[in-house]
Each structure stands twice: as C-alpha cells, then as structure tokens.
Amino acid sequence: MSTLVIVGAQWGDEAKGKLVDVLGGQADVVVRYAGGNNAGHTVIADGKTYKFQLIPAGILHTDTVSILGSGMVICPEGLLQELARTRAQKSELGTLYISSAAHVVFPYHRILDGLEEGMRGDNKIGTTSRGIGPAYQDKVSRTGIRMGEFVRPEMSRARLQEQLTYKNRLIELLGGQPFDFETLHAEYAAYAEELRPFVVDTEPMVQKAVADGHKVLFEGAQGTFLDLDSGTYPFVTSSHPVAGGACLGTGVGPRAIRNILGVAKAYTTRVGSGPFPTEQDNSVGEQIRAQGQEYGTVTGRGRRCGWLDLVALKHACRLNSLSGLVMTRLDVLANVGDLQLATSYAGRDGFPANVWDLAEVQPEYVTLPGWTEDLRGCRHWNDLPATVQQYLEFIEEYTETPVAVISIGPDRTETIVKRPELIWA
Ligand code: IMP
C-alpha cells in the first residue's frame, strides 16, 4: 500500500500546495478531502505561478488523476474559473474528477456567511466569506445539494427551488436581498452542464487505486487547528482538515492510510480571529510578515505572525498520528536574529481543548541562534548551516516526530528530502 496524507499541522497556509505539487508528480492519484475555495494553494513551477483554490495541485502533472473528494464543498463558478485560468497557463493537464457526493456552494451560502458573521458581533470568526460554513450547515442538516444531483437537470431545478424558498426567507429575516429563482437557476444550470463530464462516483476509484497498490496522495486543506472538532473552536472552519478527514472525505477506511506528513512553517501564522499564544504583534511579527509575504491567497488579509509553537505542534503530531513533519519556509527566518520556540505554557500540561483556556496561556520559550545565510541554494541536509540543523533537530526531539522534508523556497526545486522512506512506503 502506498498512500500518503498531507495535512496542515498549524492554522493553515503552511505551504502544502508546493508539497502536493512536488509529490503529486510521483502520485498516480491526488484526492483532496475537505474544504472548498476558502483554501489557497500557490505553486511555482517552470517559472510560472499557479493559484489553486479547489483543484489539487496534482493537476499540473499529466499522468496524475486529480479528484475533488466527497468531503469538499464546491463553488461551481469558482471551479470553472480556476479550470479556465489553469488551462490558459498550461495546455496539458492531468485528468480531473469530482465526487458526486461533494456538496455545491451557491451564492446564497456566501450571502448567509456574511450575514451570520454580522450577527456574531465580537465573536466574529473572520471567515473567508466563501459560504463554506453555510454550505456545510446544509450538509449536516441533510438539505444540501450534492454534485450528483446538481448535474441532473430534472432533480436540480426542484431541489434549488425548494432550497431557495427557505434561504430567501432566512436572508430577508437577516436583512439581506433575496435571490430571483429563475435568474439563479439559469446561471447555475449552465455551470452544471459544463461540470457534468467531471462528476462521477469517485469513491470506488480511490478504493481501487489503493487496493491496486497505486500511489495515492490525500491532500488536506486548511490546518489542524482549524478543524471543526480538534481545532480552536469556534474559530475554526466547518470541515475536517485533520488526517482523519482523509477517510471521511474520500471513501476509504483508516487501514487504507500508510504515511501521514504534517506540514508546518518554521514559525506560526494565523488569519482570522481566535487565540494565538505565540503571536508577535511587534517588529518581529512585522519582519516575518514582510520577509514571508504573509498575505492571504484568498482574502489578501495580512496574516498574524509569531514564533513556532511547539506545544501546539506536538499536539498536532498526535492528533494526526504523523509519520513525519515537513518544515517549510526556513528561508524566511533569515536575519530575524535569535529565534524563540514555545516549549510550554506556564503552569499547564499540553495544549488546552478550549479557546478560553488557550486565550490565557503564557508561552515559555527556548531561544536558539538564528541564521543570516540565504538557504535557497541548499539541496541536501549537509548544505544547511549548523544553526538551521540545530533548529530542526530541536523540533524533531521535542515533538518526537522526524523531519522528513525541508522546504527552503517556493520553487519545486527548493526542497530537501531528508527521510524519503516516510513519504511513499
Ligand atoms: P471559513 O473556512 O471561510 O468558514 O473560515 C473559518 C476560519 O478558517 C477563518 O478564521 C479563516 O480565516 C480560516 N481559514 C479558512 N480557510 C483557510 C485557509 O486555507 N488558510 C488559513 N485560514 C483559513
């Protein structure tokens, strides 16, 4: 069995897209298991910058099959735009399939996302305004429209009418503008027509690929601490970014999973609201934001930046049963000076389950020497300065999890594979 889950080990934006691109070229199938176009993956390959929100980065490899799994919520308009944009950049793409069980995001979900945020007052989540929460609400309420229904005209018209009657009432109640059914239906029926050829029951395809010993990569979106159950609730997304979500969102059981790599930045960032113990709302945070160009791919918002939180990272290693870590953006920390790593929260054991406790923790730090070297030319472990090696070894020892891959720049080639056996078994 040669299966691999790639999961974000922090609050998202860990540069998973680059890794999925690098490893996607080696995979037969790449299947994304959660979220929607709230995610933003940037891939730099062959001198071009690709921006993905829904499509797995595996699409850039012609021999790889890319799948949008059943755990996703999909905005048809966004997907078609993304496909057109990617096709304009690269004529030869891999094959794409969409799970018939994935849910559709409609414009009323986006409107409700904004209206619900408005109702939250001081407890705003800071969502990406993509309608993700309301679409998953419909899924859990068992009223959502799935891709399989959406692309069948005889079913989709009736279902949309029934849904819109209810959503329009809700929107009006919250002070928004209702949608006209015929206009919305005409627009979305056209999208359904275009997407129909891609929509299939993908679960048996994934199951067969696993059983046949093909290399299957399960691509996560967002990150562990944005998980609906394991994250910093309620400041989370509405899906399951953790490794367990790979089973829920693709149609395989836990025995189908071999290796799990957790991707973490060499520091920490967060977008949106919620506690962030190691946040540096000062010149250090600003320097990291500037050097790392830490602005959201989806919203353009400046990301909150801070030191690496090893208490959180160790917790993520356990929540995901990680085989190994992928440490990214080491290059960004050059010239920041001495580096601090949070190794405990004063008077506490481990990472608290509730946000009100997390909001009060006082991180305790260990200081390690920083580096000034440009790391982007390094290709092997031995090319890395001793200070970088020391930083990574400290992380391995603390988290009790080996570092498998190191990323020292955005390009595919700026990657050091330290433990290949932790990637494909
Ligand atoms: P939603 O997923 O749009 O509902 O947003 C919920 C929370 O998750 C907000 O704090 C967002 O900023 C955050 N979030 C959602 N997607 C991402 C992502 O891809 N990277 C980082 N944060 C995200």
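These legends accompany several close-up views of a predicted model.

**View 1. Helix α3 and the elements packed around it.** Helix α3 covers residues 107–120. Does its length fit its residue count, and what span should 14 residues give at 1.5 Å a residue? The expected span is 20 Å, and the C-alpha atoms at the two ends are 20 Å apart, so the two values agree. Look next for the buried side of the story: Pro107, Tyr108, His109, Leu112, Asp113, Leu115, Glu116 and Glu117 are the buried residues of α3. They pack against β8 (103–104) and against three helices, α4 (132–141), α6 (153–173) and α7 (181–195). Just past the end of α3 sits Gly121, with a positive phi of about 55 degrees.

**View 2. Helix α4 and its cover.** Here the buried residues are Ile132, Gly133, Pro134, Ala135, Tyr136 and Asp138. Which elements cover them? The cover includes the strand β6 (73–74) along with helices α3 and α6. After α4 comes Arg142, and its phi is positive too, near 65 degrees.

**View 3. Ser239 in its loop.** You will find Ser239 in the loop between β10 (215–219) and α9 (245–248). Is this serine buried or exposed? Ser239 has a relative accessibility of 3%, so it counts as buried, the cut-off being under 20%. Setting aside neighbours within four places in sequence, Ser239 touches Ala34, Gly35, Tyr136, Gln222, Leu226, Asp227 and Leu228. Tyr136 in that list is also one of the buried residues of α4.

**View 4. The cavity and its lining.** How many cavities of 30 Å³ or more does the structure hold? There is 1, and the largest cavity has a volume of about 50 Å³. Its lining is made up of Phe106, Ile145, Phe150, Ser156, Leu160, His185, Tyr188, Ala189 and Ala192. Helices α6 and α7 each supply at least two of the lining residues, and α7 gives the most, with 4. Sorted by class, the lining has 7 nonpolar and 2 polar residues, and no charged ones.

**View 5. Trp307 between two strands.** Trp307 lies in the loop that joins β13 (304–306) and β14 (308–309). With a relative accessible area of 4%, Trp307 is buried. What surrounds this tryptophan? Beyond neighbours within four places in sequence, Trp307 is in contact with Tyr267, Thr268, Thr278, Gln280, Val284, Val336, Asp338, Leu339, Gln340 and Tyr365. For a distance to check on screen, try the C-alpha atoms of Trp307 and Ile288: they are 9.5 Å apart, while the two residues are 19 places apart along the chain.

**View 6. Two buried cysteines.** Cys305 has a relative accessibility of 1% and therefore counts as buried. Cys317, at 7%, counts as buried as well. How many disulfides does a search of the whole structure find? The search finds 0. For Cys317, the nearest cysteine sulfur belongs to Cys247 and is 19 Å away. A disulfide needs two sulfur atoms within 2.5 Å, so Cys317 is in no disulfide.

Technical notes:
Residues are numbered from 1 along each chain as its sequence is written. This is a predicted model: local features need pLDDT of at least 70, side-chain atom pairs count only at pLDDT 80 or more; totals for chains, interfaces and linings use all residues. Side-chain values use heavy atoms; hydrogens and water are left out. The expected span of a helix is 1.5 Å times one less than its number of residues. Buried means under 20% relative accessible area, exposed over 50%, partly exposed in between (1.4 Å probe, protein chains only). Contact means heavy atoms within 4.5 Å. On a 1 Å grid over the protein atoms alone, a cavity is a set of points where a 1.4 Å probe fits but cannot get out, and a pocket is an open set with protein on both sides within 12 Å along at least five of seven lines; lining residues have an atom within 4 Å of a point. Grid points are joined across faces, edges and corners, and a volume is the space filled by probe spheres set on the points. Ala, Val, Leu, Ile, Met, Phe, Trp, Tyr, Cys and Pro count as nonpolar, Asp, Glu, Lys and Arg as charged, and the others, Gly among them, as polar.
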